[in-house]
Amino acid sequence: MELSTPHKQARSRRFTGERHIEVFRAEKLANVRRPTVDLVTWRRAVDDMLVKWLDAVAVTQSFEVDERVDLDLPPIGRWLEQVPVSPGRLAFARDLALLIETWRRITKLKSGRVQLSTLTTRGCPRFHIDAVGMRMLCTYLGPGTEWIPEPALLRTALAGHRDPRELLIEGASPAHLERFDVGVFKGTARGQHRFGLVH
């Protein structure tokens, strides 16, 4: 699931590199508002029942939602109406509602764009920075979003690169979000022209 703005146990936050923070509670995602931070990752416990349900549903169902919604009353039931009622569907609906509410609290927005998609190919053809203020991503199935930590990034090579290796210092490799992680990251809008997450 993806949300964007226009152009276990509580632990303390852990820095994973310059401009990137890991947190273990939803409310700590608000750290993304700090000018020195481009990515905050909420590391979440994985719900085994939801994992099994998603694995099974993915065999026969796909999701294609891309719409602007009222964040106080998102039409989650309509998005999932093609999926048979079950405890797994209920758990998925609750998790979607949690993420949308978390986004609403971080951004203070009344409406937002929600994308819920089943991808069979790589979502982005190459590393880039989004032209948005902020975006929230969560991967429910499959490999999570790749991103390049600032200490590993040759930012000056971003404009014309063809090969991801052109963006990495020698010996470095991209990082990636884990399944069920929630990442909130900045793009190039709102004064982030010098930074923004490369993913």
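Is D181 buried or exposed? D181 counts as buried, because its relative accessibility is 3% (buried means under 20% relative accessible area, exposed over 50%, partly exposed in between, with a 1.4 Å probe and protein chains only). Keep in mind that this is a predicted model, where local features need pLDDT of at least 70, side-chain atom pairs count only at pLDDT 80 or more, and totals for chains, interfaces and linings use all residues. Residues are numbered from 1 along each chain as its sequence is written, and side-chain values use heavy atoms, with hydrogens and water left out.

**Around D181**
- You'll find D181 in the loop between β9 (175-176) and β10 (182-186); strands (E, at least two residues) and helices (H or I, at least four) are DSSP runs, numbered from the N terminus.
- The side chains of D181 and R43 share a polar contact of 3.0 Å (a pair of N or O atoms within 3.5 Å; within protein, one must be able to donate a hydrogen and the other to accept it, and residues adjacent in sequence count only if both atoms are side-chain atoms).
- Setting aside neighbours within four places in sequence, D181 is also in contact (heavy atoms within 4.5 Å) with residues including W42, L137 and C138.

**The nonpolar cores**
- The largest nonpolar core (buried Ala, Val, Leu, Ile, Met, Phe, Trp, Tyr and Cys residues joined through side-chain atoms within 4.5 Å) has 38 residues, and L29, F92, M136, Y140 and V184 have the most contacts inside it.
- Helix α3 (residues 87-107) gives this core its largest share, eight residues.
- A second, separate core has eight residues, among them I129 and L168.
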